[in-house]
Amino acid sequence: MRPDHVIIGSGINALVAAALLSLKGRRVLVLEREDRLGGCLRTEELTLPGFQHDVMAATFVLFMTGPAGAALGPHLARHGFEYCHAALPTAVLRPDGSALVLTMDHAANVAAFEALAPGDGAALSADTGGVAADAPFLFALLGGNLWSWGTAKLLFAQVRKRGARGLAAWFGTALTPARGWLETSYRSPLAQALFAPWVLHCGLTPESAYSGQMGKVIAFALEAAGAPVVKGGAGQAVAAFRALIEAQGGTFRTGADVDRIVVSGGKVTGVALANGETIDCGSVLASVAPGQLHDRLLREEGPPKDKAAQKFRHGRGDFQLHYALDAPPEWRTPGLQDVALIHLSDGIDAVSKSANEAERGMFPATPTICVGQPSRLDPTRCPPGKAILWLQIPDAPRVIKGDAAGEIGATDWDAAKEAFADRIEAILARHISNFADIKLARTAHSPRDLERMNVNLVGGDPYGGQCSIDQFFLWRPHAHASDLPRGLVQIGASTHPGPGLGGGSGFLAAKGLGA
Ligand SMILES: Cc1cc2nc3c(=O)[nH]c(=O)nc-3n(C[C@H](O)[C@H](O)[C@H](O)COP(=O)(O)OP(=O)(O)OC[C@H]3O[C@@H](n4cnc5c(N)ncnc54)[C@H](O)[C@@H]3O)c2cc1C
């Protein structure tokens, strides 16, 4: 039967859109070029049998706290989607062994910050309280449809509330880089170091415009909602979405590589697969990066009128490292065994340096490392008594020009991967007293491997494009996205509201189509 909506790709945004549209009674067909569904959501026995690793995305705080999660959570729960929570969402561990843990207890966090430096507790309260106070406006800008009367009315209401100069000042503060925010708000280097690495997870650096605001939003979200993972792994989330969508009559096809979007008279009429098959449909939602959209899927329409579409830039690469362990790690610094996500970093300067090195095509001499401990939250991930670790290094070069430490000679990821993994492992092992005894196996994925698994991760960029302000908000993916043929909506990390598991663009697209 002719689908109402063909959805290209099966990542979080595609799944959210498919679920919402099928719950409205629309016939949806999801086409995925890989042999499995989920895009960045996949769980595999990467290292050893019985050890279930989230190969890419793992932390579902954005989905849990966003509108897509609110709308779909109860439906997905009926199909087996379950969160596993940690009381200790994040920590920083510095090279000297000093550490600071953020809990989900605001008063305890304030006391811990205050103990580090008088005034830092009050600064934390002011930052998270400020996000809470601005939440309706702030989250509408971060996640809502910006080209809408709703947003215009919201801005007008803010002018009335704050005055024009007051609103201009609010935007000025929101554009502050994380370095400026942290250095003027917190005296303790540990408090600064706790938040500095988080801006990398927004595709930014400590010097990027608006990275300070994103740091405050993250501090607020982690304290309020934690860092949940899905029981059994991200792959279980995909299974729940699939069951929900199929129960509503939606269908999925894997190994279905869409080669072209068929357009007639300026309107989309269907898609053509790489195997020559054509599928007619009412509309198409394409979860692809701009390069593929314009150079491949819409190639017959000629180059986009908007020149900015051809200048879309991708960000730094991402490197993933997974461990199977014979026993839980014994951190030399006490209090870290139950933390969901630990950054190994010395602070703002270290984060800035590694990001800058990666930006310039160098292997960072000391990469910023995020260590996830999913098996502490969800013991089903590995055999009893064992453990897994999920390491993300958001500072990897997309194109390798050299090594900031002058040690790795290879300039190709396939040749350099294990040497870079050794560098990361040496930093990790220094902090874990039993590491040599418990290490069973490791698997590394370079930026190149990530792109091989998901064509949208261009150059291993995990965030669908540079997230600098010129490519964000109204300008994501570029200034004139309305150039697209009628009946075509671009969704996915490359579109507003950007990357992450919030599923925001799938949510907005489905709502725009009447779901
Ligand atoms: C390693 C890694 C770790 C991350 N960790 C987190 C995390 O913990 N928490 C978080 O919130 N975010 C995380 N992110 C970011 C987040 O995962 C992504 O921003 C988000 O999942 C992207 O979803 P998407 O909807 O854009 O689709 P994607 O997940 O990118 O999926 C797109 C799908 O479309 C398919 N496709 C593309 N072209 C075609 C075609 N022509 N025909 C058919 N199919 C096609 C691809 O094969 C792919 O399966 C991480 C990202 C990476 C890479």
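How many bridges join strand E2 (residues 28-31) to E9, and in which sense do the two strands run? In this predicted model, three bridges join E2 to E9, and the two strands run parallel. Within this pairing, Val30 has Phe252 in E9 as its bridge partner. The two strands belong to an open sheet of five strands, ordered E9-E2-E1-E13-E21, in which the pairing is parallel. Strand E9 (251-253) and strand E21 (488-490) occupy the edges; each has a single partner strand, so one side of each is left without a neighbour in the sheet. On average, and with direction ignored, neighbouring strands of this sheet are turned by 15° against each other. Helix H1 lies across strand E1 (5-8), E2 and strand E13 (283-286), and its direction makes an angle of about 165° with E2.

The protein chain is divided into three parts: domain 1 (5-39 + 62-81 + 232-311 + 467-512), domain 2 (105-225) and domain 3 (313-453). Between the C-alpha centres of domain 1 and domain 2 the distance is 30 Å. The contact between these two domains involves 15 residues of domain 1 and twelve residues of domain 2. On the side of domain 1 that touches domain 2, helix H2 (61-65) and helix H18 (504-512) are the elements that give two or more residues. By class, the residues of that side comprise nine nonpolar and six polar, with no charged residue.

The ligand is surrounded by 39 residues, of which Gly9, Gly11, Gly39, Pro462 and Pro499 come nearest. The elements contributing two or more residues to this shell are helix H1 (12-23) and strand E14 (317-325). H1 provides the largest share, three residues. H1 is also the helix that lies across E1, E2 and E13. In terms of residue class, the shell around the ligand consists of 19 nonpolar, 15 polar and five charged residues. Both domain 1 and domain 3 give residues to this shell, and the ligand therefore lies between the two domains.

A further open sheet contains three strands in the order E10-E11-E12, with antiparallel pairing. Its edges are formed by strand E10 (258-264) and strand E12 (278-280); because each has a single partner strand, one side of each is left without a neighbour in the sheet. From one strand to the next, the twist averages 30°. Six bridges join E10 to E11, and these strands run antiparallel. One of the residue pairs here places Ile261 against its bridge partner in E11, Val271. E10 and E11 form a hairpin with two residues between them, and Gly265 in the turn has a positive phi of about 60°. On the other side of the pairing scheme, strand E11 (residues 267-273) and E12 are paired in the antiparallel sense over three bridges, with Gly270 standing opposite Asp280 in E12.

Strand E12 also contains Thr278. This residue counts as exposed because it has 11 C-beta neighbours inside 10 Å, the limit for that class being 12 or fewer. When residues up to four places away in sequence are not counted, Thr278 touches Val262, Gly270 and Ala272. Thr278 and Asp338, by comparison, are 60 residues apart in sequence, and their C-alpha atoms are 51 Å apart in space.

Antiparallel pairing is also found around strand E17 (residues 369-372), which is joined to strand E15 (residues 339-344) by four bridges. In this pair, Leu341 stands opposite Gly372 in E17. E17 pairs in the antiparallel sense with strand E18 (residues 387-396) as well, over three bridges, and Cys370 stands opposite Gln392 in E18. Both faces of E17 are covered: Ile369 and Val371 are buried on one side, and Cys370 and Gly372 are buried on the other. Gly372 and Cys370, the residues that stand opposite Leu341 and Gln392 respectively, are thus placed on one face of E17.

Definitions and conventions:
Residues are numbered from 1 along each chain as its sequence is written. This is a predicted model: local features need pLDDT of at least 70, side-chain atom pairs count only at pLDDT 80 or more; totals for chains, interfaces and linings use all residues. A residue is near a molecule or strand if its C-beta atom, placed from the backbone, lies within 6 Å of it. Ala, Val, Leu, Ile, Met, Phe, Trp, Tyr, Cys and Pro count as nonpolar, Asp, Glu, Lys and Arg as charged, and the others, Gly among them, as polar. Domain bounds come from an automatic or database domain assignment. Two strands pair if DSSP finds at least two bridges between them. Axes are lines fitted to C-alpha atoms, for helices over the stretch in contact, and angles run from 0 to 180 degrees between N-to-C directions. A residue is buried if 20 or more other C-beta atoms lie within 10 Å of its own, exposed if 12 or fewer, and partly exposed in between; C-beta atoms are placed from the backbone. Two residues are in contact if their C-beta atoms, placed from the backbone, lie within 7 Å.
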